[in-house]
Amino acid sequence: MFLPDDRFATLVAFLGGGNALTNGDFLRGFNEWVPDRLYGPGYRSSLHWSAEIAESVAGRARKGLSMPEELEEQAKDVLLDMLDGFLSADPGRRRSTDGGEVPHADSHARTGAPESG
C-alpha cells in the first residue's frame with residue numbers, strides 16, 4: 001500500500017476508508033478483537049481500536065493518535081500485526097453486505113517505499 005506519509009494516524013485513516021468502502025464488513029469485530037489481544041480475553045473498552053493500540057504503545061506520550069516519532073513505527077507494526085492476525089483468524093466470518101467476499105488485506109503490506117523486484 002502507498003500512503004502520503006508514514007504516520008500511524010494516516011494508516012488508521014487508510015484502514016478506516018477501506019472499512020467504509022465495504023460498509024463496515026472489512027473490520028467487523030476488530031474493535032472488540034484488539035482489546036482481547038492486548039489485555040486478555042473478555043476485556044472490553046469503549047475506545048476505538050486505534051486508540052487502544054496507540055495507548056498500548058505510547059501511553060501518556062501520545063496526544064490522540066499522534067505520538068513521538070520514535071514510537072510511530074512501533075505503533076504501525078503493532079497495528080499491522082493485529083490486522084494480520086485478525087484477518088487470518090477466521091476470514092469466513094467477514095462477508096460483504098451483498099454476500100460476496102470482503103477484500104483481504106495483503107498481510108505483508110507495510111508503509112513506505114515499494115519493494116524492488
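A search of the whole structure, a predicted model, finds five aromatic pairs. One of them joins tryptophan 33 and phenylalanine 86 edge-to-face, at 5.6 Å centre to centre and 65° between the planes. That pair links distant parts of the chain: tryptophan 33 sits in helix H2, phenylalanine 86 in helix H4, 53 residues apart. The fold around these rings comes to four helices and zero strands.

**Aromatic pairs**

- Tryptophan 33 counts as buried, because its relative accessibility is 11% and the cut-off for buried is under 20%.
- Phenylalanine 86 has 0% relative accessibility, so it counts as buried too.
- Tyrosine 39 and tyrosine 43 have ring centres 4.6 Å apart; their planes meet at 45°, so this pair is tilted.
- Tyrosine 39 is partly exposed, at 38% relative accessibility.
- Tyrosine 43 is also partly exposed, at 37%.
- Ring pairs join Phe30, Trp33, Trp49 and Phe86 into a cluster.

**Nonpolar core**

- The largest nonpolar core holds 24 residues.
- Phe8, Leu15, Phe30, Trp49 and Leu79 have the most contacts inside this core.
- Helices H1 (8–21), H2 (30–39), H3 (49–58) and H4 (69–89) each give two or more residues to the core.
- H4 gives the most, with eight residues.
- Which residues does phenylalanine 30 touch, not counting residues up to four places away in sequence? Its partners are Trp49, Leu79, Met82, Leu83 and Phe86.

**Helix H3**

- Eight of the ten residues of H3 are buried, so the helix is largely enclosed by the rest of the structure.
- The buried residues are Trp49, Ser50, Ala51, Glu52, Ile53, Ala54, Val57 and Ala58.
- Ser50 and Glu52 are thus listed beside Trp49 and Ile53 among the buried positions of H3.
- These buried residues pack against H1, H2 and H4.
- Glycine 59 follows H3 and has a positive phi, near 50°.

**Whole chain**

- Along the sequence, the pattern reads α-α-α-α.
- The protein has 117 residues, and 37% of them count as buried.
- Among contacts with a separation of 6 or more, 53% come from residues 24 or more positions apart.
- The exposed area is about 6900 Å².
- Carbon and sulfur atoms supply 51% of that exposed area.

Terms used
Residues are numbered from 1 along each chain as its sequence is written. This is a predicted model: local features need pLDDT of at least 70, side-chain atom pairs count only at pLDDT 80 or more; totals for chains, interfaces and linings use all residues. Side-chain values use heavy atoms; hydrogens and water are left out. A nonpolar core is a set of buried Ala, Val, Leu, Ile, Met, Phe, Trp, Tyr and Cys residues joined through side-chain atoms within 4.5 Å. Buried means under 20% relative accessible area, exposed over 50%, partly exposed in between (1.4 Å probe, protein chains only). Contact means heavy atoms within 4.5 Å. Accessible areas come from the Shrake-Rupley method with a 1.4 Å probe; for residues, only the protein chains shown count as cover. Rings of Phe, Tyr and Trp (its six-membered ring) pair if their centres lie within 6.5 Å; planes under 30 degrees apart count as stacked, over 60 as edge-to-face and the rest as tilted.
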